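Got your viewer open and your selection box ready? Let's take a walk through this protein, one selection at a time.

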Amino acid sequence: MPPKKQVEEKKIPLGRPGNNLKSGIVGLANVGKSTLFQAITKCTLGNPANFPYATIDPEEARVVVPDERYDWLCEHYKPASKVPANLTVYDIAGLTRGASTGAGLGNAFLSHIRAVDAIFQVVRCFDDAEIIHVEGDVDPVRDLTIIADELRIKDIEFVEKNLEGLKKQTARGGQSLEMKKMKEKQAIVESVLAWLNDGKDVRKKNWSAKEVEVVNELLLLTAKPVIYLINLSERDFLRQKNKNLPKIKAWIDENSPGDTIIPISVSFEDRLTRMSDEEVAEECKKLNTKSMIGKLVVTMRKHMGLISFFTTGTDEVRQWTIREGTKAPQAAGVIHGDFEKTFIQAIITKYRDLKELGDEASVKSQGKILTKGKDYVMEDGDIVLFKAGAAKG
């Protein structure tokens, strides 16, 4: 008999992203973070100051997630209310060497990162004599190492404190169920600490479901998904060449395999924000390029394993965010907690069917409206009507 085909064990994702995803823009001082924030959000913070820690408190803005399906549904239903999916972006103060021990605005910086679900890490690859580099010169591999080390050192400190508290509780001894759970938790936290002390980021290990529960409680910095944004000069971005790109890729392959790298020119994106939509289209056509802003937002959602479903009608078209693999009752719970508890069924229309056939009546006449129960796993682009019972008072 042929050998059994091995089923690859699917990695259980860390974190608990809700309908409103929060992502922080981080990096060393003066690498282009605040200018990128302005470009992403089309907000103006004033000219970012040319010195470290210009952004002392995290600035925050919500960005609409670009999605052609949502646009088509709004055009189709012409609803009174339109609610797209959002990405909340934070511009966080620049990190510096020694941040983990409180240098510069280190402690504030690290606490602000702890509050987000994911990280856009900006890495400087452009030379500009007028913009001071906090480390004296442009060396992206050194910068990557500084940030990786600082985040890991802070995680080690946090896990050690947590472990100390657990050991005090388990030292009391006993055979109760609560004590057994406490000891299991201590063993998991010890394995997290060993992993960090070995110089590895928490997100890079395949943790079990029980371990993921504990890791999520710790809110660790190195557990968060990262997308590396390589900030090039406009010239280098247009020709997609820079002497540092191969070195950056080699560093990420070795230290953070699987993480996404997106080359971007923050100065180019900033220039586009001063143009009308027509002018942007014309400029990008002339230069044979395009803005990368939409790609950043969409890639981050994919990186976190997030998908969308829609609720539609003439009153409202709304796009909801859930994690891939979410079942119908839990998706209903994103709309309202009571809907999960009292879930009866989900009436599903596939977006592709509605668009192809033109209206709900045609979809129904062809038998393509589906009635699904509590075991149905939601698919990206589902248009859904949830049916639920009355909540108990």
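**Stop 1: Arg124.** Start by selecting Arg124, which you'll find in strand β5. Keep in mind as you click around that this is a predicted model. Is Arg124 buried or exposed? Its relative accessibility is 2%, and buried means under 20%, so Arg124 counts as buried. Now add Gly32 to your selection. Gly32 and Arg124 sit 92 residues apart along the chain, yet their C-alpha atoms are separated by 7.3 Å.

**Stop 2: Val31.** Next, pick Val31, in the loop between β1 (21-26) and α1. With a relative accessibility of 1%, Val31 counts as buried too. Which residues does Val31 contact, once its neighbours within four places in sequence are set aside? Show Val122, Arg124, Phe126 and Asn231, and you have them. So there's Arg124 from the previous stop, in contact with Val31.

Val31 also turns up in a database record. The unreviewed UniProt entry has a "binding site" annotation that covers Asn30, Val31, Gly32, Lys33, Ser34, Thr35 and Leu232. From this set, Val31 is part of the lining of the second largest cavity. We'll get there at Stop 5.

**Stop 3: helix α1.** Carry on along the chain and select residues 33-41, which form helix α1. Thr35, one of the annotated residues, lies in this helix. Try colouring the helix by burial. Nine of its nine residues are buried, so α1 is largely enclosed by the rest of the structure. If you want to label them, they are Lys33, Ser34, Thr35, Leu36, Phe37, Gln38, Ala39, Ile40 and Thr41. Now step just past the end of the helix to Lys42: here the backbone takes a positive phi of about 55°.

**Stop 4: the nonpolar cores.** Go back to Leu36 and show it together with Leu229 and Leu296. The largest nonpolar core has 55 residues, and these three touch the most other members. Which residues does Leu296 touch, not counting residues up to four places away in sequence? Select Leu36, Ile40, Phe120, Ile227, Leu229, Ile262 and Ile264 to see that set. Two of the names, Leu36 and Ile40, are among the buried residues of α1. There's another core to visit, lying apart from the largest one: it has 20 residues, including Val159, Val212, Val215 and Leu220.

**Stop 5: the cavities.** Time to look for enclosed space. How many cavities of 30 Å³ or more does a search of the whole structure find? There are two.

Take the second largest cavity first, since you've already met part of its lining. It holds about 30 Å³ of space. To see what surrounds it, select Leu28, Val31, Gln121, Val122, Val123, Arg124, Asp143, Leu144 and Ile147. Both Val31 and Arg124 are on that list. The elements giving two or more residues to this lining are β5 (118-124) and α4, and β5 contributes the largest share, with four. Colour the lining by class and you get six nonpolar residues, one polar and two charged.

Now for the largest cavity, with a volume of about 90 Å³. Its lining is made up of Gln121, Leu144, Ile147, Ala148, Leu151, Asp201, Arg203, Leu221, Thr222, Val226 and Tyr228. Here α4 (140-170) and β6 (226-231) are the elements that give two or more residues. The largest share, four residues, comes from α4. By class, this lining has seven nonpolar, two polar and two charged residues. Keep Gln121, Leu144 and Ile147 highlighted for a moment: they line the largest cavity, and they line the second largest one as well.

**Stop 6: a pocket.** Let's leave the cavities and find the second largest pocket, with about 530 Å³ of space. Its lining has 19 residues, and the closest to the pocket's centre are Lys11, Pro13, Leu14, His303 and Met304. Which classes do the lining residues fall into? They divide into seven nonpolar, three polar and nine charged.

**Last stop: zoom out.** Clear your selections and show the whole protein chain as a cartoon. You're looking at 15 helices and twelve strands. Of the chain's 393 residues, 46% are buried. Remember Arg124 and Gly32, 92 residues apart along the chain? Among contacts between residues at least 6 apart in sequence, 71% join residues at least 24 apart.

Key: Residues are numbered from 1 along each chain as its sequence is written. This is a predicted model: local features need pLDDT of at least 70, side-chain atom pairs count only at pLDDT 80 or more; totals for chains, interfaces and linings use all residues. Side-chain values use heavy atoms; hydrogens and water are left out. Buried means under 20% relative accessible area, exposed over 50%, partly exposed in between (1.4 Å probe, protein chains only). A nonpolar core is a set of buried Ala, Val, Leu, Ile, Met, Phe, Trp, Tyr and Cys residues joined through side-chain atoms within 4.5 Å. Contact means heavy atoms within 4.5 Å. On a 1 Å grid over the protein atoms alone, a cavity is a set of points where a 1.4 Å probe fits but cannot get out, and a pocket is an open set with protein on both sides within 12 Å along at least five of seven lines; lining residues have an atom within 4 Å of a point. Grid points are joined across faces, edges and corners, and a volume is the space filled by probe spheres set on the points. Ala, Val, Leu, Ile, Met, Phe, Trp, Tyr, Cys and Pro count as nonpolar, Asp, Glu, Lys and Arg as charged, and the others, Gly among them, as polar. UniProt positions are given in the numbering used here, feature names are shortened, and annotations may be inferred rather than shown by experiment.
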